[in-house]
Amino acid sequence: MQMLFRLLAVALVAMLAAPAAAQQWPTHALRIVTGTPAGGSPDFVSRLLAERLSERLGQPVLVEHSAGTGIAAWNTVAKSPPDGYVLSMLTGAFSARVAVAKSLPYDPIKDFAFVTLVSAYPMVVATAPNSPISSFTDLIVRAKAAPFQITYGMNLPGSVHHLTGELINVEAGTSLRGIPYRGNTQIVQDLLGGRLDVMIETGTIAFAQINGGTLRGLAVSSRRRFVLEPDIPTIAETLPGFEVMSWLGLAAPGGTPRPVVDRLNWELREILKLPDIRDKLAIVGNVPMPSTPEQMQEHIERDAARWSRIVDIKGIEKY
């Protein structure tokens, strides 16, 4: 009985300590760790949020790029002290990696305290301005008529770009052939040179190239026409129900006190309401998508389950 009372006392002290810690938090600088290169959409959005968070929290908020892949950055955060001072900018690749990785150095759910989804953007199917492929429907007709002959340029195997292409194949009954590249520049060069038929790219990159006349947009992967590019048809107009929205979201290490998570969630939701923040997100093809911590976790779990299904159906090799 004495042991039981001691355990209850310890639990009560821990419960009381968390709100007290949250009231004192933050007392020094925060870090947002990203797993993508400087200059990309995750970097831009991280810096945008860091500036406003710093103003609201009264402490510096620094953006730090982890060497290596997104996995390295996410693992850094997963293994950090759960005190609310280290955050990670997760991307849609986070849930894709769950589906295609043989193993991960972290548990994608238990090792993170999800704070909020931040923003969302669709994938885009695009082609060269002079391509004979006139529409997404035309692409599907041609792909069915010539199995494995129509190619699409994509990011590396297992990327959201790749999995979106394979989801199209599953839903349309086609055999579009994905050609992996490292980066967008060579994809565009091969597309314009006639060595590729189409490409699948994030809206954060493709919209600027479409608006600049370098590419012609065939379709976006949002369920409805994307608010920032309403003239581009949706894949769902040809394949009803089709939807892929990539995303950005912030997470802390698992075990971060809930009052700290709630404070961050509230501050970020208020920031995402600001008109100038919405305008700046639009510059990089993003729209705000704030959520509760629970909604963010559910979103990641649904994403990972969908991509795991595609990996299984198409026999995509895990690595």
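Trainee: What makes S246 count as buried?

Mentor: Its relative accessibility is 6%. Buried means under 20%, so S246 qualifies. Bear in mind that this is a predicted model.

Trainee: Where is S246, and which residues does S246 contact beyond its sequence neighbours?

Mentor: S246 sits in strand 9, residues 245–253. Setting aside neighbours within four places in sequence, S246 is in contact with G92, S119, A120, Y121 and M123. As for P288, 42 residues separate it from S246 in sequence, and the C-alpha to C-alpha distance is 12 Å.

Trainee: On to D190: is it buried or exposed, and how do you know?

Mentor: The relative accessible area of D190 is 11%. With the cut-off for buried at under 20%, D190 is therefore buried. D190 belongs to helix 7, residues 184–192.

Trainee: What makes the D190 and Y181 pairing a polar contact?

Mentor: The two side chains are joined at 2.6 Å, and the limit is a pair of N or O atoms within 3.5 Å. Y181 also appears among the residues D190 touches, along with R195 and L196, once residues up to four places away in sequence are left out.

Trainee: Why does F148 count as exposed?

Mentor: F148 has 52% relative accessibility. Exposed means over 50%, so F148 counts as exposed. F148 is in the loop between helix 5 (136–145) and strand 5 (151–154).

Trainee: What is there to say about the phi of F148?

Mentor: Phi is near 65° there, a positive value in a residue other than glycine. A glycine with positive phi turns up just after helix 8: G213, at about 90°.

Trainee: Which residues of helix 8 are buried, and what do they pack against?

Mentor: In helix 8 (residues 203–211), the buried ones are G203, T204, A206, F207, Q209 and I210. The buried residues pack against helix 2, strand 4 (112–127), helix 7, strand 7 (198–202) and strand 8 (216–220).

Trainee: Now the helix pairs. Why are helix 4 and helix 11 called oblique to each other?

Mentor: Helix 4 (residues 93–100) and helix 11 (residues 293–314) pack at about 40°, with axes 8 Å apart. Under 35 degrees would count as roughly parallel, and 65 to 115 as roughly perpendicular. An angle of about 40° fits neither, so the pair is oblique. The crossing is right-handed.

Trainee: Which residues make that contact, and how do they divide by class?

Mentor: Helix 4 brings F94, S95, A96, V98, A99 and V100, while helix 11 brings I300, D303, A304, W307, S308 and V311. By class, the contact of helix 4 with helix 11 has nine nonpolar, two polar and one charged residues.

Trainee: What is the angle between helix 2 and helix 10, and what is that arrangement called?

Mentor: Helix 2 (residues 41–57) and helix 10 (residues 275–283) pack at about 165°, their axes 10 Å apart. Over 145 degrees counts as roughly antiparallel, so helix 2 is roughly antiparallel to helix 10. Helix 2 crosses helix 10 in a right-handed sense. F44, V45, L48 and R52 of helix 2 meet D276, I277, K280 and L281 of helix 10. Those residues comprise five nonpolar, no polar and three charged.

Trainee: Last one: which residues does the cis peptide bond join?

Mentor: W25 and P26, with omega at about -5°. P26 is in the loop between helix 1 (2–24) and strand 1 (30–34).

Terms used
Residues are numbered from 1 along each chain as its sequence is written. This is a predicted model: local features need pLDDT of at least 70, side-chain atom pairs count only at pLDDT 80 or more; totals for chains, interfaces and linings use all residues. Side-chain values use heavy atoms; hydrogens and water are left out. Axes are lines fitted to C-alpha atoms, for helices over the stretch in contact, and angles run from 0 to 180 degrees between N-to-C directions. Helices (H or I, at least four residues) and strands (E, at least two) are DSSP runs, numbered from the N terminus. A crossing is left-handed if the near helix is turned anticlockwise from the far one by less than a right angle, and right-handed if clockwise. Contact means heavy atoms within 4.5 Å. Ala, Val, Leu, Ile, Met, Phe, Trp, Tyr, Cys and Pro count as nonpolar, Asp, Glu, Lys and Arg as charged, and the others, Gly among them, as polar. Buried means under 20% relative accessible area, exposed over 50%, partly exposed in between (1.4 Å probe, protein chains only). A polar contact is a pair of N or O atoms within 3.5 Å; within protein, one must be able to donate a hydrogen and the other to accept it, and residues adjacent in sequence count only if both atoms are side-chain atoms.
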